[in-house]
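Me: I'd like to go through the reasoning behind a few structural labels with you. Could you set each value against its cut-off as we go?

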Amino acid sequence: MTLNVTSFFCGCGGMDLGIQGNFNYLKNFYKKHPTKIVYAADFDSYATTIYNNNFSHKCETKDVRKVSDKDIPAHDILLGGFPCQSFSIVAQNPPRLGIKDEKGQLFFEMCRILQTKKPRFFIAENVKGLLSANKKKAFPLIIKHFEESGYFVKWKLLNSADFGVPQKRERVFILGFKNEKDYQKFSFPEAITKENHVPLKTVLQDNIIEKYYFSDRAVEGMKRVQHKMNKGRSQNIELPCNTISAHLSKVSLNSTDPVLLEDGKYRRFTPREAANIQSFPDDFHLESVSENRQYRAIGNAVPPVLMWHVSNSLMDIITT
Ligand SMILES: C[S@@+](CC[C@H](N)C(=O)[O-])C[C@H]1O[C@@H](n2cnc3c(N)ncnc32)[C@H](O)[C@@H]1O
């Protein structure tokens with residue numbers, strides 16, 4: 001059996017690679033899943049250029065609000081790492097999400113497809129902050145909207161560092177099941193590297209060229225204010241890295257983004273190191289777009305290895 005997959009907000013393809021499987025990362029092989037991506041879209045043409053250089057199928061560069069359900073083939077799983085916009089819950093009784101501008105709330109685009117295409121499963125992903133957004137009111141409403149779209153819903157906060165990834169990245173995964181039996185059978189994956197996290201040093205490169213180092217001036221400036229602020233976030237390479245973000249393209253010593261301190265010199269990560277930290281395989285091609293765009297797409301991605309584990313647990317309920 002093959003499960004057809006539609007991917008909204010596919011970015012450069014972290015979720016898509018994870019659900020597809022068949023890749024190597026840090027000497028482990030992540031086996032192929034019985035899945036086929038039949039439709040993928042994102043409106044960031046730089047991210048989709050990277051995507052299309054790495055998958056045999058192609059994604060569309062398109063605003064998902066303009067994707068009609070008629071454009072999408074029948075599918076079994078809908079994916080969506082929906083953008084983490086702030087949700088507006090104005091004083092309402094009962095409270096509702098985004099009542100003023102439902103179109104602006106991209107999470108509703110997933111509900112629209114769930115209601116019309118009725119796939120057997122969906123997997124949504126978002127930042128930890130979603131749980132506390134709008135004084136903790138937004139998250140239950142999102143779950144309610146998914147349920148009202150016809151799904152039984154389970155969710156869990158997972159940390160990629162617990163799954164063999166050298167990065168502490170906490171993300172909420174929300175899974176939806178059309179059938180109650182599937183819902184009852186599913187369990188989220190158990191942590192596999194809780195006690196033995198993979199250290200950042202495992203994925204760092206050697207012989208880093210000068211342009212990745214901060215100038216003496218930037219370092220002096222940072223040192224002058226460091227006693228006052230939490231700046232110069234140099235990482236302990238014996239531990240997993242702090243969360244990397246799309247800001248990596250603009251990382252400065254005066255921001256809170258992770259940097260490295262090596263032999264007394266501060267530097268930023270290379271795009272390849274950022275991809276390594278996010279658990280993309282070595283043969284994942286980045287070079288088709290500028291380095292700024294690479295950092296952005298990689299920083300936005302769902303770690304493929306974490307997504308593989310979530311998908312693998314989903315595959316378990318189909319094969320048992
Ligand atoms: C968190 S990232 C998704 C990461 C991706 N799922 C991955 O694993 O690599 C959110 C993505 O939503 C895309 N996006 C935001 N608004 C969009 C829209 N209206 N239509 C299509 N894509 C959109 C952004 O370009 C970004 O790539």
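Reply: Happy to! Let's begin with a term: contact means heavy atoms within 4.5 Å. By that criterion, 26 residues of domain 1 are in contact with 23 residues of domain 2. Please keep in mind that this is a predicted model.

Me: What makes up domain 1 and domain 2 here?

Reply: The domain assignment gives domain 1 as 3–190 + 298–319 and domain 2 as 200–288. Their C-alpha centres lie 28 Å apart.

Me: Why are α3 and α5 called roughly parallel?

Reply: The axes of α3 (residues 107–117) and α5 (residues 138–148) cross at roughly 20°. Angles under 35 degrees count as roughly parallel, so the label fits α3 and α5. The two axes come within 9 Å, and α3 passes α5 in a right-handed crossing.

Me: Which residues of α3 and α5 meet, and how do they divide into nonpolar, polar and charged?

Reply: From α3 come Phe107, Phe108, Met110, Cys111 and Leu114, and from α5 come Ile142, His145 and Phe146. They divide into seven nonpolar, one polar and no charged. His145 is in this contact, and His is not on the nonpolar or charged list, so His145 counts as polar.

Me: What covers the buried residues of α5?

Reply: The cover includes α3, β7 (121–127), α4 (133–136), β8 (152–159) and β9 (170–177). The buried residues in α5 are Ala138, Phe139, Leu141, Ile142, Ile143, His145 and Phe146. Just after α5, Gly150 takes a positive phi of about 105°.

Me: Why does Phe152 count as buried, partly exposed or exposed?

Reply: Phe152, found in strand β8, has 30% relative accessibility. Buried means under 20% and exposed means over 50%, so Phe152 counts as partly exposed. Leaving aside neighbours within four places in sequence, Phe152 is in contact with Leu175, Gly176, Phe177, Lys178, Asn179, Glu180 and Tyr183.

Me: And why are α2 and α9 called roughly perpendicular?

Reply: Helix α2 (residues 45–52) and helix α9 (residues 291–300) pack at an angle of about 80°. The range for roughly perpendicular is 65 to 115, so α2 and α9 earn that name. Their axes are 9 Å apart.

Me: Which residues meet there, in α2 and in α9?

Reply: Tyr46, Ala47 and Ile50 in α2 meet Arg293, Gln294 and Ala297 in α9. This contact divides into four nonpolar, one polar and one charged.

Definitions and conventions: Residues are numbered from 1 along each chain as its sequence is written. This is a predicted model: local features need pLDDT of at least 70, side-chain atom pairs count only at pLDDT 80 or more; totals for chains, interfaces and linings use all residues. Side-chain values use heavy atoms; hydrogens and water are left out. Axes are lines fitted to C-alpha atoms, for helices over the stretch in contact, and angles run from 0 to 180 degrees between N-to-C directions. Helices (H or I, at least four residues) and strands (E, at least two) are DSSP runs, numbered from the N terminus. Angles under 35 degrees count as roughly parallel, over 145 as roughly antiparallel, 65 to 115 as roughly perpendicular and the rest as oblique. A crossing is left-handed if the near helix is turned anticlockwise from the far one by less than a right angle, and right-handed if clockwise. Buried means under 20% relative accessible area, exposed over 50%, partly exposed in between (1.4 Å probe, protein chains only). Domain bounds come from an automatic or database domain assignment.
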